[in-house]
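Reader: I am new to this structure and should like to learn how its descriptive terms are justified. Please show it to me before we begin.

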Amino acid sequence: MYINLIALQRAEQRKLRTLVSLLTKLCLAAFVVIALYLVSGQLAIGGLAREKANVDSEVVRFTQRAQTVKGLKTRQAQLKPTVDLLHKTQVTINRWRTVVSEVSYSLPPKVWIGSISPKFDGTNDSVALEAYSEDPPGVRETLSRLNRSPFVARADLTGAEIPARDPLTGKLSNPISFAVKADLKAVSVAAQ
C-alpha cells in the first residue's frame, strides 16, 4: 500500500497554518486589548495628574486665603481697642448733645444759661449749670423741669445770689444768679 505522504503533509501544514493564523489573531486581539488597556490607563493617569495639579493649586489658593483671613483677624483684634474708644467717644458726644438740648428745653422763659460744664466718667455723669433768672419762680421752675427730665436722675440747687430790690419799683436790681448740679441717669455704652 502506498500512502500519500505529500497529501498528509499538506493537510498537516494547513492545520498548522490555521492554528498559527488563529494564534496570531488571538495574539493580535490580546495585543489590541492590552494596548487599549494601557492607553486607557495612561489617559486615566494623565487625568489623575491633572486633577492632582488642580487640587494642589486649590490648596495653595486656599492656604493664601487662610493666611489673609488670619492676618485680617489679627488686624481686627489690634483695632478693637481703637474702635471701642471711638464708639465710647461718639456715645459721649451724642450724650453731651442730648444733655445740652434737654437743659435748653428745661429752661423756662426769662431764664438763660451763663455756663454749663459736663462731667462724664461713665458711672456718675453730671452737669453743673450756672444760670440767671429775672425772678425767683424761674429758678424753681428750672429745677422742677430738670427733675422731670428723662435724662436727669436728680437736680439740686447748689447756690444762688439774690440781688437787692429797688425800693421804688420793688423789682430786682439785677437778675438772680444760681447754680444747679444735675446728676444724669446712667446709660450703658452698649445701649447706644
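Author: The following exchange sets computed values against the definitions behind them.

Author: This is a predicted model, in which local features need pLDDT of at least 70, side-chain atom pairs count only at pLDDT 80 or more, and totals for chains, interfaces and linings use all residues. Residues are numbered from 1 along each chain as its sequence is written, and side-chain values use heavy atoms, with hydrogens and water left out.

Reader: Which elements does the protein have, and in what order do they run?

Author: The protein holds two helices and four strands, where helices (H or I, at least four residues) and strands (E, at least two) are DSSP runs numbered from the N terminus. From the N terminus on, their order is α-β-β-α-β-β.

Reader: Why is the protein called more spread out than a compact globule?

Author: The radius of gyration, taken over C-alpha atoms, is set against a globule rule of 2.2 Å times the number of residues to the power 0.38. For 192 residues that rule gives 16 Å, whereas the protein has 51 Å, well over that value, so it is more spread out than a compact globule. Along the principal axes, the C-alpha trace spans about 185 × 25 × 20 Å.

Reader: What makes a residue count as buried or exposed?

Author: Buried means under 20% relative accessible area, exposed over 50%, and partly exposed in between (1.4 Å probe, protein chains only). By this standard, 16% of the 192 residues of the protein are buried.

Reader: Why is the pairing of Asp56 with Lys52 called a salt bridge?

Author: The term requires a side-chain nitrogen of Lys or Arg within 4 Å of a carboxyl oxygen of Asp or Glu. The closest N and O atoms of Asp56 and Lys52 are 2.9 Å apart, so the pair qualifies as a salt bridge. The two residues lie four apart in helix H1 (residues 5-106), which means that about one helical turn separates them. Lys52 is exposed at 52% relative accessibility, while Asp56, at 35%, is partly exposed.

Reader: How do you know that Arg148 and Glu141 form a salt bridge?

Author: Their N to O distance is 3.9 Å, and this lies within 4 Å, so the rule is met. Arg148 counts as exposed at 56% relative accessibility, and Glu141 as partly exposed at 30%. Through salt bridges that share partners, Glu141, Arg145 and Arg148 are joined into one network.

Reader: How many salt bridges are there by this rule?

Author: The count comes to seven.
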